[in-house]
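Visitor: Got a minute to walk through this one with me? Let's pull it up first.

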Amino acid sequence: MSYDSRTDPRNDMLNRSLILSVLSLLIGVTVFTPAEAGQPNIISILSDDIAQGDLGCYGQELIQTPHLDRMAAEGTRYLQAYCGTSVCAPSRSSLMTGLHMGHCPVRANREIQPEGQMPLPEGTYTVAKLLQDQGYATACMGKWGMGMFHTSGSPFKLGFDHFYGYNCQRHAHSYFPTYLYNDDQRFELEGNTGKPGRGEKYAQEYIAEETVRWIREQKDEPFFLFYAVTLPHGRYEIDSQGPYADKPWTDKQKNYAAMVTRLDSDVGAILDVLREEGIAENTLVIFSGDNGSSFDPNSEIGRLFDQTMGGKLRGFKRGMYEGALRQAALSWWPGTVPAGRVTEEPWAFWDFLPTAAELVDAELPEDVQTDGVSLVEFLKGGAAPERDYFYWELHERASIQAIRFGDWKAVRNGPDQPVELYNLKNDVGETKNLADEKPELVKKATKMMAEARTEDPNWPMRTAPARRKK
């Protein structure tokens, strides 16, 4: 066979490069790759129920988390990073929409039968939609929980190109489920019953593998990954108890520790593939939990693993104290995010959307509201942005609220309950209620709580129903 230089694909590549170079000279600009053009890859890793006290970099001594500890050493660790609110679906909705609980369309967990949760409404603008419009490949891996595929809350209607895992958070309670979804197509996991206990196929294994595969596939173009890991949320099921099998602990305690360590290794696999593919320096990774501690400190897990870190933080999931709202959070971006930094400056989930907008130099549509502020300079080592307040509410048994302004924090555990007031600078454990000593601040906080929220028929302020006598 004779050689014809006109058919050599290397010549096509050379010709294209020459053309681009000539065009650059003619118009006086430089042709950039996505990395050079300031379009970093963005990965949000959201762990379901991980707490600060679960990780070695925050002081945990019994559970092994070497990859997350390394991530903290190579990046920044946050001591006052706030979730959207202290349960799953609304907290995730805040992260996606850039809205705090006074404006977010989902402000509590609401189940829909036979599968799914209350969907985000039609036309909801999300960080995924923002990035998709900027040419990013987008994917959600793990757990969605904001609307089944046939509803307005489908991930495909809100900016995601690809989905893999559980849609329904109730379904995600099983780590040996009978099925998962690849996009909107259900596939069966043979050998699993979905009932408590061990099955043949551990769902997280599939999700972790698909996540790494997708990152490798997107390595040459900008991408956004929302890696919503179910670990270590209950049910407390694991395919191997690993280094904890011989510990003098209960099976529940062993499983929980192994789930945290499994989460750690799967995060490590993501960071490894970024390094291997040569894109670590162009990828921002933010790791966080979707709420603070999940356990009463006197519970089986809370007691052994000391999630309150020696009683430092009060409260846990479904509450409004700092132990429920402060979550474990790390950022990592080699060469951009300062290594080894630990900061007490606060930020919240609703800051993620405006941060992504600034990172890709995108303007938000005029009709899009956000309660957040960009953290770009803060991520790079600058000061956290100033703001008037942080606000939370939650509507489960009763409608509860909290607002932080400066070092002051007000909590109201129901519309019929008094406002409590704490000074977080002097009393991070919220042990001394100063409401009686500072009535002017109570009045200010009450007014701010009212102004921070928009009335929504789905979320009326309600008192707790009377408990039935046994």
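**Cysteines, helices and a hairpin**

Guide: Start with Cys168: the residue is buried, at a relative accessible area of 1%. Keep in mind that this is a predicted model.

Visitor: How many disulfides does a search of the whole structure find?

Guide: Zero. Cys168 is in none, and its nearest cysteine sulfur belongs to Cys88, 10 Å away. A disulfide needs the two sulfurs within 2.5 Å, so Cys168 and Cys88 do not form one.

Visitor: And Cys57, buried or exposed?

Guide: Buried, with a relative accessible area of 15%. The cut-off for buried is under 20%. Cys57 has no disulfide either; the nearest cysteine sulfur, on Cys83, is 17 Å away.

Visitor: Switching to helices. At what angle do α2 and α6 pack?

Guide: About 50°, with the axes 7 Å apart. α2 covers residues 66-74 and α6 covers residues 251-276. The two helices are therefore oblique to each other.

Visitor: Which residues meet there?

Guide: From α2, Pro66, His67, Leu68, Arg70, Met71 and Glu74. From α6, Asp264, Ser265, Val267, Gly268, Leu271 and Arg275. By class, that contact has five nonpolar, three polar and four charged residues.

Visitor: Now the strands. How many bridges join β6 to β7?

Guide: Four, and the strands run antiparallel. β6 is residues 179-182; β7 is residues 185-188. Asn182 has Gln185 in β7 as its bridge partner.

Visitor: What about Asp183 in that hairpin, positive or negative phi?

Guide: Positive, near 55°. The hairpin has two residues between its strands.

Technical notes:
Residues numbered from 1 in each chain as written. Predicted model: local features only at pLDDT ≥ 70, side-chain atom pairs only at ≥ 80, totals over all residues. Heavy atoms only, no water. Buried < 20%, exposed > 50% of the residue type's maximum accessible area, 1.4 Å probe, protein only. Axes fitted to C-alpha atoms, helices over the stretch in contact; angles between N-to-C directions. Parallel < 35°, antiparallel > 145°, perpendicular 65-115°, else oblique. Contact = heavy atoms within 4.5 Å. Nonpolar A, V, L, I, M, F, W, Y, C, P; charged D, E, K, R; others polar. Pairing = 2+ DSSP bridges.
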